[in-house]
Amino acid sequence: MKKILITGGAGFIGSHLVRLFVKKYPAYHVYNLDKLTYAGNLENLKDIENAPNYTFVKGDIVDTEFVLQLFKQEQFDDVIHLAAESHVDRSIYSPMDFIYTNIIGTANLLNAARSAWEHNYDEHRFYHISTDEVYGSLGETGYFTEKTPYSPHSPYSASKASSDHLVRAYHDTFGMNNVISNCSNNYGPNQFPEKLIPLCINNILHNKPLPVYGTGKNIRDWLYVEDHAKAIDVIFHKGLSGQTYNIGGNNEWTNIDIVKKLIEIMDEELGRPQGTSLSLITYVKDRAGHDLRYAIDASKLKNELGWEPSIKFTEGFRLTVKWYLNNQQWLQNVTSGAYQKYYEQMYTQH
Ligand code: NAD
Ligand code: TYD
């Protein structure tokens, strides 16, 4: 049995990936290493928690000794690394958490994998999951390709860029079998409600203001989370060592249009007269260093490995809204306690 370590598997994207691998590959044993920060939630994996090919390990990738010991003990065959601090606004208020987890944590995993696999790199893959935000901001035209120079603007994207550089350097210097993918914004079930879409779903549900930063004209390229997990599956198995692959939805929306679309679907699903929730839209102070536009050219992944998004936005968006409406207990559990404090701090400063 192949032993695959997935880090950050209790988070949004990680939980979808863990489920996909546990169900699709009975011959793999999936180890999910997660610190269970505010963003990690084992409720996301209830349906597979007792699967015979799944093990949860609670731990912090910043803890060097712990990571080294774990690799010695478990002899993993491969790593898919998603664990990260992932929210731009939090990175503005506490950058050090991002520097520790995203940079030091990635370095710890690379070092542990390097010692474990030293004479045998070709047989062991280290796959690092990254973001399109490392490329910086686009103007009104153009796309990020794998050749776009890095130009991160937030502590989050700068920490992810640093980790990408380390992963690439360990391939170039030591010959490790490393692959990186850079994906656009994900949406779907289980996303923590600090990010735009679930935050607005939660607020529409409770008739609370929908905070739109600046003009609302910033653009993001949205991809359904299960499509991202499928792309990771393809790249993990077929991607070439030392390569980067961009993953995107080819699906650009301004923030204000996304919020209006959500209002349309939510009002319908909640049986409110169309347009009722439009009055909740509230323009607030812009995010510092706010990137204008992200848009991915994913043609390399399509042409070389045959991946394309399979879920249309209209379908994925409605599925997402319905999931949150059917899982209000989940929403309530993750938005109580510490989250409320964060929300008040973050949104009363605006
Ligand atoms: P998330 O915040 O929902 O989950 C992150 C997970 O990592 C959580 O389960 C958390 O407990 C865990 N974690 C955090 N610090 C840790 C530590 N020190 N040790 C062990 N575990 C730790 O994030 P997400 O949105 O699922 O993103 C996953 C990955 O994908 C990240 O690397 C992110 O940069 C990348 N990514 C995200 C998006 C997006 O739109 N969400 C897009 C592109 C790339
Ligand atoms: P977010 O979901 O935080 O993802 P990212 O910053 O990684 O792209 O934000 C998506 C967009 O929505 C981004 O342009 C910032 C904006 N935004 C708001 O306008 N209001 C909000 O309350 C949040 C969280 C984000």
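Helices (H or I, at least four residues) and strands (E, at least two) are DSSP runs, numbered from the N terminus. This is a predicted model, in which local features need pLDDT of at least 70 and side-chain atom pairs count only at pLDDT 80 or more, while totals for chains, interfaces and linings use all residues. Residues are numbered from 1 along each chain as its sequence is written, chains are lettered from A and ligands numbered from 1 in the order in which they are written, and side-chain values use heavy atoms, with hydrogens and water left out.

**Stop 1: two loop asparagines**

Select asparagine 250, in the loop between strand S11 (244-247) and strand S12 (252-254). Its phi is near 50°, a positive value in a residue other than glycine. Next select asparagine 207, which sits in the loop between H6 and S8. For asparagine 207, phi is again positive in a non-glycine residue, near 55°.

**Stop 2: ligand 1**

Select ligand 1 and show the residues near it (a residue is near if one of its heavy atoms lies within 4 Å). There are 29 residues around ligand 1, and Ile13, Asp34, Ser86, Tyr156 and Lys160 come nearest. By class, the shell has 13 nonpolar, twelve polar and four charged residues. Here Ala, Val, Leu, Ile, Met, Phe, Trp, Tyr, Cys and Pro count as nonpolar, Asp, Glu, Lys and Arg as charged, and the others, Gly among them, as polar.

Which elements each supply at least two residues of the shell around ligand 1? They are helix H1 (12-24), strand S5 (125-131) and helix H5 (155-174). S5 gives the most, with three residues.

Now pick out three atom pairs. A backbone N or O atom of glycine 11 is 3.0 Å from an oxygen atom of ligand 1. Aspartate 60 has a polar side-chain atom 2.8 Å from a nitrogen atom of the ligand. Lysine 160 places a polar side-chain atom 2.7 Å from an oxygen atom of ligand 1. The protein covers 97% of the 840 Å² of accessible area that ligand 1 has on its own (areas come from the Shrake-Rupley method with a 1.4 Å probe; for residues, only the protein chains shown count as cover).

**Stop 3: H4 against H5**

From H5, add helix H4 (residues 95-117): the two pack at an angle of about 15°, with their axes 8 Å apart. Axes are lines fitted to C-alpha atoms, for helices over the stretch in contact, and angles run from 0 to 180 degrees between N-to-C directions. H4 and H5 are therefore roughly parallel to each other (angles under 35 degrees count as roughly parallel, over 145 as roughly antiparallel, 65 to 115 as roughly perpendicular and the rest as oblique).

**Stop 4: ligand 2**

Select ligand 2. Of the 18 residues around it, Glu133, Pro211, Arg287, His290 and Tyr347 come nearest. Its shell holds seven nonpolar, five polar and six charged residues. Helix H3 (88-93) and strand S8 (210-213) each supply at least two of these residues, and S8 gives the most, with three.

Which distance separates a polar side-chain atom of glutamate 133 from an oxygen atom of ligand 2? It is 2.5 Å. For asparagine 255, a polar side-chain atom lies 2.9 Å from an oxygen atom of ligand 2. An N or O atom in the side chain of tyrosine 347 is 2.6 Å from an oxygen atom of the ligand. Taken alone, ligand 2 exposes 520 Å², and the protein buries 98% of that.

How values were computed:
Polar contact = N/O pair within 3.5 Å; in protein donor to acceptor, adjacent residues only side chain to side chain.
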